[in-house]
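Q: I should like to learn how strands and helices are read in a protein model. Where does one begin?

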Amino acid sequence: MSTNSRRGFLKQAGVAATFPWFSPAALHGAREESYAHEMPDMLLAHLSNRLNALAAKWDREREAIKTPAQLEARNSFVRQKLREMMHGFPKRAPLNPVVVAVHERDGYRVENVMFQSRPDFWVTGNVYVPTTGRGPFPGIISPCGHYPWARMEPEYQFAYMNMVKGGLVVLAFDPVGQGERRQYWNPQTGATEVASASTYEHSMPGQVQLLMGEDLTHYRVWDGMCAVDYLLTRPEVDKGKIGCAGHSGGGTLTKFISAIDERVKCVVVNEGGATNRWPSGYSPGSRLGPSDVEQNVFPAAIYGVDAHDQLVAVAPRPLLVTIEHFSPGFNRAMDRIRQRYELFDVAEKFGTEEAADPHSWTPKLRIATTDWFCRWFLGKRGPEVEPRFKAEAPETLYCTPNGSVRYSQQGQTVFSLMLRRQAELPPNRMLPENAAGAAAFRTEMAKEIRGLIHCDKPDHPLGVRNITTTPRNGYRIEKLQFLSEPGIYIPTWVFVPNAKNGRLPATLYLHEEGKETDGAEFGLLEELTRAGHLVVAVDVRGIGETEPPHPPGDRYGPFAHLFDAETAMSYMAWYMDESLFGMRVRDVMRSVDYALSRQDVAPGGLRVVGKGMGALWALYAAALDTRITSVLAEGGLDSYRSLARVDRYTHSANVFIRDVLLHFDLPHVAAAMAGRNLVLISPTGPMKNPVPMASAHRTYEWTAAAYKNAGAEGRFRITDGSFGLKMP
């Protein structure tokens, strides 16, 4: 920040005005041991320990299952919770199937087909039908793995050809974000506009859907269930013999579909996430990144619904699980599943197969897949050798003119459905009519916020540890730590003027990159201190000094945030029906507690300055805690709805709140401060660029009206950062 900008900030902050603030008393001389020695890898250990405790609880519950009736009850529970976590499923609508083209081949034919899984929402696929032998034939749906070309990938085509040669009808379909349903592929350039990996096409909409009470897993599983519906309309298909087989991400999707839809009578999960997520553990310096969002269902950990539960829910139907290489961990996992099949007295219906090859639907696994279906559906062995197939050109298998539903304008996409959905959200709220109404609204909002971000306020001792004091020219920095809750400490720098007269106004400073970002000599915090303020700069959990020592996964570029460590930890919290964002808001409130515990701060209130994510932490903390009397929020997201209006963004899941738009948006959170001072500085849009001021004012019209009705019109401001206004 330039000197002129800092001076403008001081003017905007109204340092010369008389404000009631909190401020910590300086503690000299003492040097205590850092909590870091007791809490290495603090945030990740905290999340892992809590997840592992839940896993241990459910392990004990599962160990108590001793009878087939108890196991079936557990399987019913798993199916019920999976449906709930996928937000239920819509009413069935007409499939309106279309056969676009037919290709006759040696012993089979390939049909290019499309059907609607919901009105005007098209699923593209190919049906492989035997033209020799007597039907009806068993029907297999095959969701595709995370390959851009999906069902048109050569190894996948060979899997379908292998099965159709074995006497099976196969419907291979493109999941959302793959094949002809890619959302960023431009056929005019032959390139993608975001990233080549289909996982970006899933997590980009999938994370935003969580804001709206939806999830992408729901869409993908429902597509698969409608694929079963379509097979059941085909006269060539034996309606009592429906199977499902997928590889990689398609294997995970196979696991979900087959656990939920009991019409699927035989299952092959190829290299598709067969081992449990919990208990979790991370070695020092290991990479930390989440799997694709559609492979995660929240809050699965509180129900103990892990991969083994999902696979066991297939029992007593035949299940084959394959893996690249057998390992002790995989073998132990499969032994536990086999024990459940033995409890049903159908041990022969569970099997495993090793590829002994890299991750791929390899010839060995293709043969094993066909053999498994032939064994259980046809009572015979499948082909022992795969013929030498020739892959079709993608253009031959297209259902759309140019290989893209989006660019062919063939109905709705996930993003167009999201755009329609966000127009209805959040629900309309009654505008507070006066100061009393504003107070009632704040109470109502605080209750809703606590319920969504699970921000309970700990009341245990702060446990302050004074690490050291650093003298500077005209002030000192007290470097200390305090506890937010057991297992979580907050590194803190307190900037204290040397020539202080009595108790000082105080500012709590929150920056998404940590307390040291503006804390260097000649920085903003120094200027605030020199102007007579006591400044408390903190690192909320996992930020700055306590950032987990784990590099992100192997994702790079402007949208790598979809798979970084922050997103992984957000998912870990969501598994427990908690919120990493809410945990950090709790840290802010504990920082207020710390400030109040000092003796050198003027009574009456505390100002909070937040930047980036810190702007949102400050806003939510102020909505919950009236001891915060003023907020300056710079560079924060303008609204959650803005994310649902676009198909790309750079804000991370670490500021997302599941289901938030079913209740409120950020302007409502801001309105919960009505009567107190609030300045929004350069709010940002989806790509973290400042939004035009006219747009920001439109977004916050409801907030401005709430302030006006509360008789505090002058206490709410939006500025572009030029600092032309003084804090009222």
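A: One begins with pairing: two strands pair if DSSP finds at least two bridges between them. In this predicted model, nine strands form an open sheet in the order β1-β2-β3-β5-β4-β8-β9-β10-β11, with mixed pairing.

Q: Which strands of this sheet are the edge strands?

A: The edge strands are β1 (98-105) and β11 (350-354), each of which pairs on one side only. Neighbouring strands of the sheet are turned by 20° against each other on average, direction ignored.

Q: How many bridges join β3 to β5?

A: Four bridges join strand β3 (residues 121-130) to strand β5 (residues 169-173), and the two run antiparallel. Within this pair, G125 stands opposite F173 in β5.

Q: Which helix packs on the sheet and touches β3?

A: Helix α4 (residues 154-165) does so; the strands it touches include β2, β3 and β5. The direction of α4 makes about 45° with that of β3.

Q: Which way do the side chains of a strand point?

A: In a regular strand the side chains alternate between the two faces of the sheet. In β15, A506, L508 and L510 point one way, while T507, Y509 and H511 point the other way.

Q: Why is β15 described as largely enclosed by the rest of the structure?

A: Buried means under 20% relative accessible area. Six of the six residues of β15 (residues 506-511) are buried, so this strand is largely enclosed.

Q: With which strand does β15 pair over five bridges in a right-handed β-α-β unit?

A: β15 pairs in the parallel sense with β16 (residues 534-538) over five bridges. Together with helix α15 (residues 524-530), β15 and β16 make a right-handed β-α-β unit.

Technical notes:
Residues are numbered from 1 along each chain as its sequence is written. This is a predicted model: local features need pLDDT of at least 70, side-chain atom pairs count only at pLDDT 80 or more; totals for chains, interfaces and linings use all residues. Side-chain values use heavy atoms; hydrogens and water are left out. Axes are lines fitted to C-alpha atoms, for helices over the stretch in contact, and angles run from 0 to 180 degrees between N-to-C directions. Contact means heavy atoms within 4.5 Å. Buried means under 20% relative accessible area, exposed over 50%, partly exposed in between (1.4 Å probe, protein chains only). A crossover is right-handed if, with the strands pointing away from the viewer, the path from the first strand over the helix to the second runs clockwise.
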